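Q: I'm new to reading protein structures and would like a close look at a single part of this one. Could you pick out the aromatic rings and walk me through where they sit?

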Amino acid sequence: SCYENSKSKIELLSTDYGTCDFSARPFPEDCPSALQINFSIYKNDSNLIYEDRLITEDLCNYLLRNIDDFFVFANDCDDDYSRYDLMFNKKLHKKGMFVAPTVKSWGYDNRSCAIRVFKDNDNSRIELRIASNSGNLSMLYCILLTHLGLFLSGDFDNNVYYDPVYGNAFDDKYGLEVLPKSQLQAQQRFLNSRIFDILRGW
């Protein structure tokens with residue numbers, strides 16, 4: 001992928017000009033290092049994200065209900081999951097620093113959420129904010145596109161609804177489920193998922 005090619009070039013340049021560290025927390029007391037996947041949905045040249053609240057909220061709810069399908073490919077090792085640590089991110093917030101997602105959550109323009117809806121006129125988008133720099137992006141895209149296909153075809157259950165979070169998603173008052181703490185835990189969740197059965201049947 002373009003990302004992997006860019007990453008390889010940066011690593012190559014670093015041998016001559018310094019060091020390069022793509023680990024989740026290269027500075028233990030500073031903001032974690034990560035990436036995010038952004039996407040929009042267009043119909044007749046019109047961006048539906050944010051402008052069509054029903055589709056936007058249904059999609060965020062759908063992705064959040066199935067977010068366990070993503071973690072095993074969004075991360076590579078247990079160190080990547082340390083970005084989701086609840087107490088660590090609360091400390092960062094107290095220092096006025098950016099936080100990583102810690103719980104299953106979505107919200108409008110809310111960086112503390114795992115899924116963020118960002119409004120920017122024609123460039124409004126949904127951000128999947130759980131990926132590390134070391135994840136398997138090809139498989140992550142595959143899972144995302146499969147889920148988008150299921151959603152757009154109407155093949156989903158919308159009986160479970162998550163309200164958007166407007167404050168800090170990690171606040172105790174929301175009582176939201178924490179994200180996985182290890183690759184083993186993520187693998188176990190993935191093996192029990194519907195998407196695993198779909199991919200296994202291809």
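A: Here is a walk through the aromatic rings, starting with the chain around them.

Keep in mind that this is a predicted model. The protein chain has 8 helices and 6 strands. Reading from the N terminus, the order is α-β-β-β-α-α-α-α-β-β-β-α-α-α. Its radius of gyration is 17 Å, close to the 17 Å that the globule rule gives for 202 residues, so the chain is as compact as a globular protein of that length. If you lay the C-alpha trace along its principal axes, it spans about 50 × 40 × 40 Å. Of those 202 residues, 44% count as buried. Take the contacts between residues at least 6 apart in sequence: 69% of these join residues at least 24 apart.

Now for the rings. How many aromatic pairs does the structure hold? There are 7 aromatic pairs. One of them is formed by Phe73 and Phe190, and this pair is edge-to-face, with 5.2 Å from centre to centre and 85 degrees between the planes. The pair links distant parts of the chain: Phe73 sits in helix 3 (residues 71-74) and Phe190 in helix 7 (residues 183-191), 117 residues apart. Are these two rings buried or exposed? Phe73 is buried, and Phe190 is buried as well.

Let's stay with Phe190 for a moment. Its relative accessible area is 8%, and buried means under 20%, so Phe190 counts as buried. Which residues does Phe190 touch, if you skip those up to four places away in sequence? The list is Asp68, Asp69, Val72, Phe73, Ile143, Ile195, Phe196 and Leu199. Asp68 is a nice one to find on your screen: Phe190 and Asp68 are 122 residues apart in sequence, yet their C-alpha atoms are 6.2 Å apart in space.

Another aromatic pair is Tyr81 with Tyr84, again edge-to-face, with centres 5.8 Å apart and 85 degrees between the planes. Both of these tyrosines are buried.

Next, look for a cluster. Ring pairs link Tyr50, Trp106 and Tyr108. Tyr50 is found in the loop between strand 3 (46-47) and helix 2 (53-65). With a relative accessible area of 14%, which is under the 20% cut-off, Tyr50 counts as buried. There is something else to notice about its backbone. Most residues other than glycine have a negative phi. Tyr50, however, has a phi near 80 degrees, a positive value in a residue other than glycine.

A positive phi turns up at Asp109 too, where the angle is near 50 degrees, in a residue other than glycine. Asp109 belongs to the loop between strand 4 (106-108) and strand 5 (115-118). What about its exposure? Asp109 has 40% relative accessibility, so it counts as partly exposed.

To finish, zoom back out to the surface and the charges. The accessible surface of the protein chain comes to about 11000 Å², and 50% of that belongs to carbon and sulfur atoms. The chain carries 22 positive and 29 negative side chains, and the centres of the two sets lie 4 Å apart.

Methods. Residues numbered from 1 in each chain as written. Predicted model: local features only at pLDDT ≥ 70, side-chain atom pairs only at ≥ 80, totals over all residues. Heavy atoms only, no water. Helix = DSSP H or I, 4+ residues; strand = E, 2+ residues; numbered from the N terminus. Rg over C-alpha atoms; globule rule 2.2 N^0.38 Å. Buried < 20%, exposed > 50% of the residue type's maximum accessible area, 1.4 Å probe, protein only. Contact = heavy atoms within 4.5 Å. Areas by Shrake-Rupley, 256 points an atom, 1.4 Å probe, with all protein chains shown as cover. Lys, Arg positive; Asp, Glu negative; His and termini not counted. Charge placed at Lys NZ, Arg CZ, Asp CG, Glu CD. Phe/Tyr/Trp six-rings, centres within 6.5 Å; stacked < 30°, edge-to-face > 60°.
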